[in-house]
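Please open the structure in your viewer and keep the sequence panel beside it, ready to select residues by number. The tour below goes from one selection to the next and says what is there at each stop.

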Amino acid sequence: MSTLKFAVLAGDYIGPEVMTEALRVLEHVARQENLTLSYTKADVGGAGIDNHGKALPDSTLKLCEQSDAILFGSVGGPKWENLPPKEQPERAALLPLRKHFTLFANIRPGLLYRELTDASPLKTDRIPEGIDIVCIRELTGGLYFGQPKQTTTLPDGDVQAVDTMVYRKSEIERITATAITAARARKKRLCSIDKANVLETSVLWRKTVTEFVAKHAADIELSHMYVDNAAMQLARNPNQFDVFVTENMFGDILSDEMAVICGSLGMLSSASLGAGQNSLGLPFGLYEPAGGTAPDIAGKGVANPCAQILSVALMLRFSFGLEKTAVRIEAAVKKAVTGGTRTSDIAFGGKAVGTKAMADAVIRELG
Ligand code: NAD
């Protein structure tokens, strides 16, 4: 019997609402498959600020260190918007978590079922079969972490701000390895996205990806694309991609574009994998919905729990090696949604159910 030891950081607004339902689904699966769950809940984000004075309380970080994975909800919202930028829930909780655990590989499936193509702002004839692509974003390097990062007043009185875009070859190699694994599990096609016509870091990026794939993954069909073109191609014909890999800021922007064309944020999950291994010898990871805390719908019981449920599936796949269980959950979500049970974000004005009823439908599909 396997024991799944993980930290549950639900966060703020809809975070706890969708987390409750995702845990209910997981508990159902655990009963069916004789898995032992050992999870502990802790405050993060606004809840951390309110109850402990900071967005990532020491006790929460300690709990994460003692766990094999983190199941994360989402953090932030109007209540804490007036805090200084450095104390804001997202910046003061998520970025330190990424850094502390070296969560360098962000894996975001861009999935839109054929039955939900109306949810996409793209013309449906461009995506007759829906969308099925994967974005792999480097998460701990590049502009967001590079030093120096500062604003200074110059001798002439002008003010100058600097961010630094920096990448090491080893950082590019390890994210390429993650992308190869993802591509191997799919159609074996990998597109690396950069700006090698302008940026020095991108020149190194392209050279490193090319050499690494040639050396370690001759079975993978590798292509390269400039990021400006990639932004257009995503909107023109997203399914021309299978897996794409890119650096931190490009990935931030492209993965959000991908989320938009996939319809609702309520359906998209993500995994952020660490450089370290957990006690099972598998990647330590943080698993969360792609969306935020949705304050506009919080407290109404209408948020879509599917992204959080699908994040559970990713956690089982990557941090606990339970591929079959992950596939079962993903199939159950798909069956429930395509069978007609939908929250209002994907109901297109038709009959919509609430958060709990959506999870009930997934549980029913699990048998
Ligand atoms: P958001 O993702 O919270 O919401 C954008 C839109 O998508 C809203 O209309 C919302 O109702 C809808 N939506 C999101 N998730 C949904 C779900 N599960 N079901 C149904 N509809 C859903 O983005 P925002 O409004 O820009 O941000 C709100 C707060 O969330 C901000 O404080 C922001 O900083 C924070 N945020 C946190 C994270 C994170 O914790 N990783 C990510 C993004 C935003």
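Begin by selecting Ser319, which counts as buried because its relative accessibility is 0%; bear in mind throughout that this is a predicted model. Ser319 sits in the loop between helix H9 (306-318) and helix H10 (323-338). Its side chain reaches the backbone oxygen of Pro283, at 2.7 Å. If you now show what surrounds Ser319, leaving aside neighbours within four places in sequence, you will find that the residues in contact with Ser319 include Asp68, Ala69, Asn278, Leu280 and Tyr287, and that Pro283 is also among them.

Next, select Thr246, which is found in strand E10 and which, with a relative accessible area of 0%, is buried. A polar atom of the Thr246 side chain lies 2.9 Å from the backbone oxygen of Ile193. Not counting residues up to four places away in sequence, Thr246 touches Ile136, Arg137, Glu138, Ile193, Trp205 and Gly251.

Trp205 leads to the following stop, as it is one of the buried residues of H6. Select residues 200-216 to see helix H6 as a whole: at 1.5 Å a residue, its 17 residues should span 24 Å, and the end C-alpha atoms are 24 Å apart, which agrees. Which residues of H6 are buried? They are Thr201, Ser202, Trp205, Thr208, Val209, Phe212 and Val213, and because they cover an arc of only 125° around the axis, they lie on the same side of H6. An α-helix has 3.6 residues a turn, so residues three or four places apart point the same way. Turn the view to the other side of H6, where Glu200, Ala214 and Lys215 are exposed. Returning to the buried residues of H6, colour the elements that they pack against, which are strand E5 (131-138), helix H5 (169-184), strand E8 (189-194), strand E9 (221-226), strand E10 (243-246) and helix H8 (248-261).

A second helix to select is H11, residues 355-366, whose 12 residues should span 16 Å at 1.5 Å a residue, in agreement with end C-alpha atoms that are 17 Å apart. Its buried residues are Thr355, Met358, Ala359, Ala361, Val362, Ile363 and Leu366, and what covers them includes H1, H9 and H10. Step on to Gly367, which follows H11 and has a positive phi, near 85°.

Now display the aromatic rings, among which a search of the whole structure finds six aromatic pairs. One of these pairs is formed by Tyr13 and Trp80, which meet edge-to-face, at 5.9 Å centre to centre and with 75° between the planes. Tyr13 lies in the loop between strand E1 (3-11) and helix H1 (14-33), while Trp80 lies in the loop between strand E3 (70-74) and helix H4 (89-100), so the pair ties together parts that are 67 residues apart in sequence. Are these two residues buried or partly exposed? Tyr13 counts as partly exposed, at 29% relative accessibility, whereas Trp80, with a relative accessible area of 8%, is buried.

Keep the rings on display and select Phe6, Tyr39 and Phe320, which ring pairs link into a cluster. For the last stop, select Phe104 together with Arg174, which lies over the face of the Phe104 ring, at 4.4 Å from the ring centre.

Conventions: Residues are numbered from 1 along each chain as its sequence is written. This is a predicted model: local features need pLDDT of at least 70, side-chain atom pairs count only at pLDDT 80 or more; totals for chains, interfaces and linings use all residues. Side-chain values use heavy atoms; hydrogens and water are left out. Helices (H or I, at least four residues) and strands (E, at least two) are DSSP runs, numbered from the N terminus. Buried means under 20% relative accessible area, exposed over 50%, partly exposed in between (1.4 Å probe, protein chains only). A polar contact is a pair of N or O atoms within 3.5 Å; within protein, one must be able to donate a hydrogen and the other to accept it, and residues adjacent in sequence count only if both atoms are side-chain atoms. Contact means heavy atoms within 4.5 Å. Rings of Phe, Tyr and Trp (its six-membered ring) pair if their centres lie within 6.5 Å; planes under 30 degrees apart count as stacked, over 60 as edge-to-face and the rest as tilted. A charge sits over a ring if NZ of Lys or CZ of Arg is within 6 Å of the ring centre and within 35 degrees of the ring normal. The expected span of a helix is 1.5 Å times one less than its number of residues. The arc is that of the directions from the helix axis to the C-beta atoms.
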